[in-house]
Amino acid sequence: MVTRVLVRFGMKFATEEVAYRAMLTLVEEAPLSGEAGELAALWLRALPTRSSEAIVRDAFIAATASLRNETIYTRNVRDFRRLYDDVTTY
């Protein structure tokens with residue numbers, strides 16, 4: 001759900017809508033669990049306050065991926081790697 005929000009929020013042009021909808025149909029949507037929220041909070045507390053506020057959404061995604069033993073594919077490798085190791089750029 002967090003990924004869906006970030007993808008749609010980041011769209012700059014209406015023409016991107018079709019491509020993003022098609023891409024999102026190819027991935028399994030993982031619900032945000034209480035356990036993922038706890039893990040995200042643990043990671044964020046270890047960062048400086050200013051840094052943690054900037055990547056709170058990434059922390060939810062990283063915690064969910066961690067609990068599911070999944071790789072995160074992103075162009076934002078630097079921020080995700082502050083939280084989780086299994087991150088690959090595309």
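1. A good place to start is Phe-80, which is buried, with a relative accessible area of just 5%. Since this is a predicted model, please read every value below as computed from that model. Phe-80 sits in helix α6. Setting aside residues within four places in sequence, Phe-80 has contacts with Asp-58, Ile-61, Ala-62, Ile-72, Thr-74 and Val-87. If you would like a distance to check, the C-alpha atoms of Phe-80 and Ile-55 are 8.3 Å apart, with these positions 25 residues apart in sequence.

2. Helix α6 also holds Asp-79, and you may want to look at this residue beside Phe-80. Asp-79 has a relative accessible area of 13%, and it counts as buried because the cut-off is under 20%. Its contacts, leaving out neighbours within four places in sequence, are Ile-55 and Asp-58. Asp-58 therefore turns up in two lists, as a contact of Asp-79 and as a contact of Phe-80, by the 4.5 Å heavy-atom criterion.

3. Next, the core. The largest nonpolar core contains 19 residues, and Trp-43, Ala-62, Ile-72, Leu-83 and Tyr-84 have the most contacts inside it. At least two residues of this core come from each of α3 (34–45), α5 (56–67) and α6 (77–81). For Leu-83, the contacts beyond four places in sequence are Trp-43, Leu-47, Ile-55, Asp-58, Ala-59 and Ala-62. Ala-62 is also on the contact list of Phe-80, as is Ile-72.

4. For the fold as a whole, the protein has 6 helices and 2 strands. Their order along the sequence is α-α-α-α-α-β-α-β. Among contacts with a separation of 6 or more, 38% join residues 24 or more positions apart.

5. How does the radius of gyration sit with that of a compact globule? For 90 residues the expected value is near 12 Å, and the protein has 13 Å, which agrees. Along the principal axes, the C-alpha atoms occupy a box of roughly 40 × 25 × 25 Å.

6. Some surface and charge totals may be handy for your own comparisons. Of the 90 residues, 31% count as buried. The accessible surface is about 6,400 Å², and carbon and sulfur atoms account for 57% of that area. There are 12 positive and 12 negative charges, and the mean positions of the two sets lie 7 Å apart.

7. One backbone angle deserves a look. Which residue has a positive phi although it is not a glycine? That is Asn-69, with a phi of about 55 degrees. Asn-69 belongs to the loop that runs between α5 and β1 (72–74). Is Asn-69 buried or exposed? Its relative accessibility is 68%, so Asn-69 counts as exposed.

8. Finally, a residue to set against the opening one. Lys-12 is in the loop between α1 (2–9) and α2 (16–25). Lys-12 is exposed, with a relative accessible area of 65%, whereas Phe-80 is buried at 5%. The two are 68 residues apart along the chain, and their C-alpha atoms are separated by 23 Å.

How values were computed: Residues are numbered from 1 along each chain as its sequence is written. This is a predicted model: local features need pLDDT of at least 70, side-chain atom pairs count only at pLDDT 80 or more; totals for chains, interfaces and linings use all residues. Side-chain values use heavy atoms; hydrogens and water are left out. Helices (H or I, at least four residues) and strands (E, at least two) are DSSP runs, numbered from the N terminus. The radius of gyration is taken over C-alpha atoms; the globule rule is 2.2 Å times the number of residues to the power 0.38. Buried means under 20% relative accessible area, exposed over 50%, partly exposed in between (1.4 Å probe, protein chains only). Accessible areas come from the Shrake-Rupley method with a 1.4 Å probe; for residues, only the protein chains shown count as cover. Lys and Arg count as positive and Asp and Glu as negative; His and the chain ends are not counted. The place of a charge is taken as NZ of Lys, CZ of Arg, CG of Asp or CD of Glu. A nonpolar core is a set of buried Ala, Val, Leu, Ile, Met, Phe, Trp, Tyr and Cys residues joined through side-chain atoms within 4.5 Å.
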